[in-house]
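Student: I have a model open and would like to test the words we use for it. Could we go through them together?

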Amino acid sequence: MPSEETEVVVVGAGQAGVAMSEHLGAHGIPHVVLERHRIAERWRSERWDSLVANGPAWHDRFPGLEFTDVHPDAFASKEQVADYFVAYAEKIGAPVRCGVEVTKVRKHAGRPGFRVETSDGAIDARFVVAATGPFQRPVIPPVVPAGAGPVQIHSSAYRNPGQLPEGAVLVVGAGSSGVQIADELRRSGRQVFLSVGPHDRPPRQYRGRDFCWWLGVLGLWDLDTPPQGAAHVTIAVSGARGGHTVDFRALAAGGIELVGMTTAYEDGVLRFASDLAENIALGDEKYLDLLRAADAYVERNGLDLPEEPEAHVLGPDPACVTEPRRALDLAGAGVTSIVWATGFAADYGWLDVAAFDANGRPDQRRGVSAEPGVYFVGLPWLSRRGSSFIWGAWHDAKYIADHITTRRGYLAYGTEDRG
Ligand SMILES: Cc1cc2nc3c(=O)[nH]c(=O)nc-3n(C[C@H](O)[C@H](O)[C@H](O)COP(=O)(O)OP(=O)(O)OC[C@H]3O[C@@H](n4cnc5c(N)ncnc54)[C@H](O)[C@@H]3O)c2cc1C
């Protein structure tokens, strides 16, 4: 029998878990945050060496603390982001226990609450918040067999160009991770192929303002459901080298060969879909949509922001887009590594409660799950487009703490001494 009891167990001490702790603390709700490694571990050990935040420091932070070591318009390095969350947890006195893994959560039979089993004993809790992140298990599509020749790694295992064997590299996936890794590899002198799927690529800056600001004033961070067909559309942005717009024409001009979606492999040859031009055009259209919406906003509000007509001029498609390669003989092209920047899946094997839909996805609204007392925070589109980003998780955690407070009020009814 566990000797320990608390009101809320928060699982995971990334940004979502730290935010959750702040709001629970503000409500005076007893809780612990259990983290199997260290605070903000993924920023320390599951990202490449040169990664910086995708948003500027004034934006990619919690409301209660500014970065002290990064200019507000600059991009924090991954270590600075991790240090920020450690400092934040200290500042709010978050009751984080590092090195404690949650192995199982089950509902109590015949009484309220949950049994939380951990690598350090069991805890009974009335509420459980899963803050284990949107990006838990790296996904590599089963296209190229393990013994096919090239070294194959996921973007979460990529660190720097020196880690890969000599030779050309294929990077699969052109979201923020794929484009940044491909760019870094090319700049290190590698021959690089980049497999590009559907994507969104907002301008880094337009008319003197960062895209994070534009998404804010245009209300686009607050979209509450993905735009049609956008559920799987990745966003390609970069804070690298001071921040720049992800521009596939510039990547091609720098020597990266763009190819379509990677579809199949046989006898040493990879095949690519015929969708490259379409994917580039879709990204261009979304980019131009944002410029047009920004222009309309400037006009409507009479803002004095410098015009930037050149941003609307995209230039011709490069040859690799107009006459795309559909097949690549890996050995023939000297490809010795494949970096799969193909995203992540969820892993809630430890959460043994009725909080999932028929497809195994969290069954929740704004983080409140189908299993009363169980919550999710930090997931994409939990309440809005911004939900998996640093500031978005903070606001969602606030809502969840409010919800827990309300529930505690009902549960307390009739138990207090009413004189
Ligand atoms: C490459 C990359 C770059 C990104 N850049 C930005 C950016 O610049 N700006 C931005 O706003 N967002 C960015 N994001 C998105 C998001 O901010 C990060 O993914 C962030 O790490 C998510 O925070 P989280 O707290 O939800 O989850 P995580 O950071 O994944 O934290 C979850 C924690 O839970 C722990 N855990 C998991 N299972 C258990 C268990 N069973 N028991 C105990 N502990 C457990 C893990 O060790 C981990 O520390 C980026 C994402 C990626 C992949």
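**Words and cut-offs**

Tutor: Gladly! Of the contacts in the protein chain between residues at least 6 apart in sequence, 68% join residues at least 24 apart; two residues are in contact if their C-beta atoms, placed from the backbone, lie within 7 Å. This is a predicted model, where local features need pLDDT of at least 70, side-chain atom pairs count only at pLDDT 80 or more, and totals for chains, interfaces and linings use all residues. Residues are numbered from 1 along each chain as its sequence is written.

Student: What makes the protein chain as compact as a globular protein of that length?

Tutor: The chain has nine helices and 23 strands, these being DSSP runs numbered from the N terminus (helices H or I, at least four residues; strands E, at least two). Its radius of gyration, taken over C-alpha atoms, is 23 Å, close to the 22 Å from the globule rule (2.2 Å times the number of residues to the power 0.38) for 419 residues, so the description fits.

Student: Which residues of H3 are called buried?

Tutor: They are Lys-78, Val-81, Ala-82, Tyr-84, Phe-85, Tyr-88 and Ala-89. Buried means 20 or more other C-beta atoms within 10 Å of the residue's own, with C-beta atoms placed from the backbone.

Student: How do you know that the buried residues of H3 line one face of the helix?

Tutor: Down the H3 axis they fall within an arc of 150°, judged by the directions from the axis to the C-beta atoms, so they line one face. They pack against helix H1 (15–26), helix H2 (41–45) and strand S3 (96–98).

Key
A residue is buried if 20 or more other C-beta atoms lie within 10 Å of its own, exposed if 12 or fewer, and partly exposed in between; C-beta atoms are placed from the backbone.
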